[in-house]
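Have a look at the model below and keep its cysteines in view. We'll start there, then move inward to the core, along a helix, and finish on a charged pair.

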Amino acid sequence: MNQAYTTPGVLSFVKQNNCYWFIDVIMSYQTKRFVEENEFQVWKFLKNKTGNGCKVICEDGDDNQIIIQRIPFTDCEQTEFTFWLQNNTIYLPEEH
């Protein structure tokens, strides 16, 4: 996948929460065959207990983890959120 589209809901969310980088993380893994071969992907942001960093998890939609990446620092105020990726589109679960 060379390009993904984002819904207006995702664009509004990342702007409000200063987390455009989350889209970059999602897209950077799309070059990995073991990620790209999953037509439906669940991308989760989970802030760590100290509140400084976070964990990014990608699942296949059946709760099977594909990726876990620890991010040492984030200024995103959210404690957790989820984006879905399907058909080259990143969207919020409530936009489905």
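The sulfur of C54 has its closest cysteine sulfur in C76, 7.8 Å away, which is too far for a bond. C76 has a closer candidate of its own to consider: for C76 the closest cysteine sulfur is in C19, at 4.4 Å, and that is also too far for a bond. A disulfide here means a pair of cysteine sulfur atoms within 2.5 Å, and the structure holds zero of them. C54 counts as buried because its relative accessibility is 4%, and C76 is buried too, at 0%. (Buried is under 20% relative accessible area, exposed is over 50%, and partly exposed is in between, with a 1.4 Å probe and protein chains only.)

Before going on, note that this is a predicted model: local features need pLDDT of at least 70, side-chain atom pairs count only at pLDDT 80 or more, and totals for chains, interfaces and linings use all residues. Residues are numbered from 1 along each chain as its sequence is written, and side-chain values use heavy atoms, with hydrogens and water left out.

Now for the core. The largest nonpolar core (buried Ala, Val, Leu, Ile, Met, Phe, Trp, Tyr and Cys residues joined through side-chain atoms within 4.5 Å) has 25 residues, and F22, W43, F81, F83 and I90 have the most contacts inside it. At least two residues each come from α1 (8–17), α2 (20–29), β2 (40–47), β3 (54–59), β4 (65–71) and β5 (80–86). Helices (H or I, at least four residues) and strands (E, at least two) are DSSP runs, numbered from the N terminus. The largest share, five residues, is from α2. Setting aside neighbours within four places in sequence, F22 is in contact (heavy atoms within 4.5 Å) with W43, K44, F45, V56, F81 and F83.

What about α1? Its buried residues are G9, V10, F13, V14 and N17. They line one face of the helix, because they fall within an arc of 125° seen down its axis, going by the directions from the axis to the C-beta atoms. Those buried residues pack against β1 (5–6), α2, β5 and β6 (89–91), while P8, K15 and Q16 are exposed on the other side. Just after α1, N18 takes a positive phi of about 55°.

Last comes the charged pair. The structure holds one salt bridge, meaning a side-chain nitrogen of Lys or Arg within 4 Å of a carboxyl oxygen of Asp or Glu. E59 pairs with K44, their closest N and O atoms being 3.2 Å apart. E59 is in strand β3 and K44 in strand β2, so the pair ties together parts 15 residues apart in sequence. E59 is buried at 8% relative accessibility, whereas K44 is partly exposed at 23%.
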